[in-house]
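User: I am a first-year student and I would like a close look at one part of this protein. Please explain it step by step, in connected prose.

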Amino acid sequence: MPMVIFRQREQALYCYIAKLDLEAKVTAIEFDKHDHWGGRIELEGGRAYHVHPQVPRPVFPVSLRATRAAL
């Protein structure tokens, strides 16, 4: 499970995957509410990861464990 770092920049959320030295803009989040955040995270370029849902929504920047999501 790679560690990923989520950062908020202006109005966009970005994800940095340290193992791949890759930073990409988040294009979709399965659960994006104040009291429930996470699930399937889709990135620019087509990659998708799964982050265990967080309660409440984390304060960014935050480091979390992620797994590759199934297509």
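In what sense do S1 and S2 pair, and over how many bridges? Please begin there and then follow the sheet outward to the side chains that accompany it.

Analyst: The model discussed here is predicted. Strands S1 and S2 pair in the antiparallel sense, and six bridges connect them. Within this pairing, Arg-9 has Ala-12 in S2 as its bridge partner. The two strands form a hairpin with two residues between them, and Glu-10 in the turn has a positive phi of about 50 degrees. Arg-9 also lies over the face of Tyr-14, at 4.7 Å from the ring centre.

The next step leads from S2 to S3. These strands run antiparallel and are joined by four bridges. Along them, Cys-15 stands opposite Ala-24 in S3, while Tyr-16 stands opposite Glu-23 in S3. S2 and S3 also make a hairpin, here with four residues between the strands, and in it Asp-21 takes a positive phi near 50 degrees.

These pairings belong to a wider arrangement. Seven strands form an open sheet in the order S6-S1-S2-S3-S4-S5-S7, with antiparallel pairing. S6 and S7 stand at the edges with a single partner strand each, so one side of each has no neighbour in the sheet.

Further along the sheet, S4 and S5 pair in the antiparallel sense over five bridges. Here the bridge partner of Arg-40 is His-50 in S5. The hairpin of S4 and S5 has four residues between the strands, and Gly-45 in this hairpin takes a positive phi near 95 degrees. S5 is joined in turn to strand S7 (residues 67-68) by two bridges, and these two strands run antiparallel. His-50 appears again at this point, with Thr-67 as its bridge partner in S7. In addition, the charged end of Arg-68 sits over the ring of Tyr-49, 5.5 Å from its centre.

The strands also contribute to the interior. The largest nonpolar core has 16 residues, and Phe-6, Cys-15, Val-26, Trp-37, Ile-41, Leu-43 and Val-51 are those with the most contacts inside it. The elements that give two or more residues to this core are strands S1, S2, S3, S4, S5 and S6.

Two of these core residues, Phe-6 and Trp-37, deserve a closer look. They form an edge-to-face aromatic pair, with 5.3 Å from centre to centre and 85 degrees between the planes. The pair links distant parts of the chain, since Phe-6 is in strand S1 and Trp-37 in strand S4, 31 residues apart. Phe-6 has 1% relative accessibility and therefore counts as buried; Trp-37, at 0%, counts as buried too. The ring of Trp-37 also pairs with that of Phe-60: their centres are 5.5 Å apart and their planes stand at 65 degrees, so this pair is edge-to-face. Trp-37 lies in strand S4 and Phe-60 in the loop between S5 and S6, so the contact ties together parts that are 23 residues apart in sequence. Phe-60 counts as buried because its relative accessibility is 18%, and the cut-off for that class is under 20%. Through these ring pairs, Phe-6, Trp-37 and Phe-60 are linked into a cluster.

Charged side chains supply another set of contacts. Side chains of opposite charge can pair when their charged atoms come close. A search of the whole structure finds four salt bridges. One of them joins Arg-7 and Glu-23, at 3.7 Å from N to O. Arg-7 is in strand S1 and Glu-23 in strand S3, so this contact ties together parts that are 16 residues apart in sequence. Arg-7 counts as partly exposed at 32% relative accessibility, and Glu-23 is partly exposed with a relative accessible area of 36%.

Another salt bridge connects Arg-57 with Asp-32, whose closest N and O atoms are 3.5 Å apart. This pair links distant parts of the chain: Arg-57 is in the loop between S5 and S6, Asp-32 is in strand S3, and 25 residues separate them. Arg-57 counts as partly exposed at 30% relative accessibility, and Asp-32 is partly exposed with a relative accessible area of 42%.

Arg-40, the bridge partner of His-50, forms a salt bridge with Glu-42, the closest N and O atoms being 3.1 Å apart. Glu-42 is partly exposed, with a relative accessible area of 31%, and Arg-40 counts as partly exposed at 26% relative accessibility. Finally, salt bridges that share partners join Arg-7, Arg-9 and Glu-23 into one network.

Notes: Residues numbered from 1 in each chain as written. Predicted model: local features only at pLDDT ≥ 70, side-chain atom pairs only at ≥ 80, totals over all residues. Heavy atoms only, no water. Core = buried A, V, L, I, M, F, W, Y, C linked by side-chain atoms within 4.5 Å. Buried < 20%, exposed > 50% of the residue type's maximum accessible area, 1.4 Å probe, protein only. Phe/Tyr/Trp six-rings, centres within 6.5 Å; stacked < 30°, edge-to-face > 60°. Lys NZ or Arg CZ within 6 Å of the ring centre and 35° of its normal. Pairing = 2+ DSSP bridges. Salt bridge = Lys/Arg side-chain N within 4 Å of Asp/Glu carboxyl O.
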